[in-house]
Amino acid sequence: MPVSDSTPQSQTLARHHQIVNRLRRAQGQLDAVIRAVEANEPCDEVVTQLSAVLHAIERAGFKVVAEAMHECVRSGSGDGPDLDELERLFLRLA
């Protein structure tokens, strides 16, 4: 999704779009895993596909935390998550 302006709101929308795209990709990969298991595909192929799903979800999670960090820096008002909360969010993904 090309963004014609670089306002904070348009940047936020672009990042949200990236997160949704990653999650949709993971959803498609998970559907492929389910089909592979139902079709009794070889274990190594299923595990490879599962690994791709996990990676896609992990990347989406990191993007969500990164967006929270951007919001925290942008707002500077104290309304967003503080550094301790951001750290907890990040570590939950690890």
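1. Start at Asn40, just after α1, where phi is positive at about 60°. This is a predicted model. Asn40 is not a glycine, yet its phi is near 60°. Most residues other than glycine have a negative phi. Asn40 sits in the loop between α1 and α2. Is Asn40 buried or exposed? Its relative accessibility is 68%, and the cut-off for exposed is over 50%, so Asn40 counts as exposed.

2. Now the overall plan. The protein has 3 helices and 0 strands. Along the sequence the pattern reads α-α-α. Of the contacts between residues at least 6 apart in sequence, 57% join residues at least 24 apart.

3. Look at helix α1, residues 8–38. It holds 31 residues and spans 45 Å from first C-alpha to last. That is close to the 45 Å expected at 1.5 Å a residue. Its buried residues include Ile19, Ala26, Val33 and Ala36. Polar or charged names appear in that list too, among them Ser10, Thr12, Arg15 and Arg22.

4. Which residue pairs with Arg15 in a salt bridge? The partner is Glu67, at 2.3 Å from N to O. The pair links distant parts of the chain: Arg15 belongs to helix α1, Glu67 to helix α2, and 52 residues separate them. Both ends are buried. Glu67 has a relative accessible area of 7%, under the 20% cut-off, so it counts as buried. Arg15, at 16%, falls under the same 20% cut-off and is therefore buried as well.

5. The structure holds 2 salt bridges. Besides the Glu67 and Arg15 pair, Arg88 meets Glu85 at 3.0 Å, N to O. Arg88 and Glu85 both lie in helix α3, residues 83–93. They are 3 residues apart, about one turn of the helix. An α-helix has 3.6 residues a turn, so residues three or four places apart point the same way. Arg88 is partly exposed at 46% relative accessible area. Glu85 is partly exposed at 26%.

6. Turn to the surface. The protein exposes about 6800 Å², and carbon and sulfur atoms supply 58% of that. Buried residues make up 19% of the 94 residues. Leu30, Ile34 and Leu50 form a nonpolar surface patch, with about 230 Å² of accessible area together. Leu50 is found in helix α2, residues 43–75. Leu50 has a relative accessible area of 35%, between the 20% and 50% cut-offs, so it is partly exposed.

Methods:
Residues numbered from 1 in each chain as written. Predicted model: local features only at pLDDT ≥ 70, side-chain atom pairs only at ≥ 80, totals over all residues. Heavy atoms only, no water. Helix = DSSP H or I, 4+ residues; strand = E, 2+ residues; numbered from the N terminus. Buried < 20%, exposed > 50% of the residue type's maximum accessible area, 1.4 Å probe, protein only. Contact = heavy atoms within 4.5 Å. Areas by Shrake-Rupley, 256 points an atom, 1.4 Å probe, with all protein chains shown as cover. Expected span 1.5 Å × (residues − 1). Patch = residues over 30% accessible without salt bridge, like charges linked within 9 Å, V, L, I, M, F, W, Y side chains within 5 Å. Salt bridge = Lys/Arg side-chain N within 4 Å of Asp/Glu carboxyl O.
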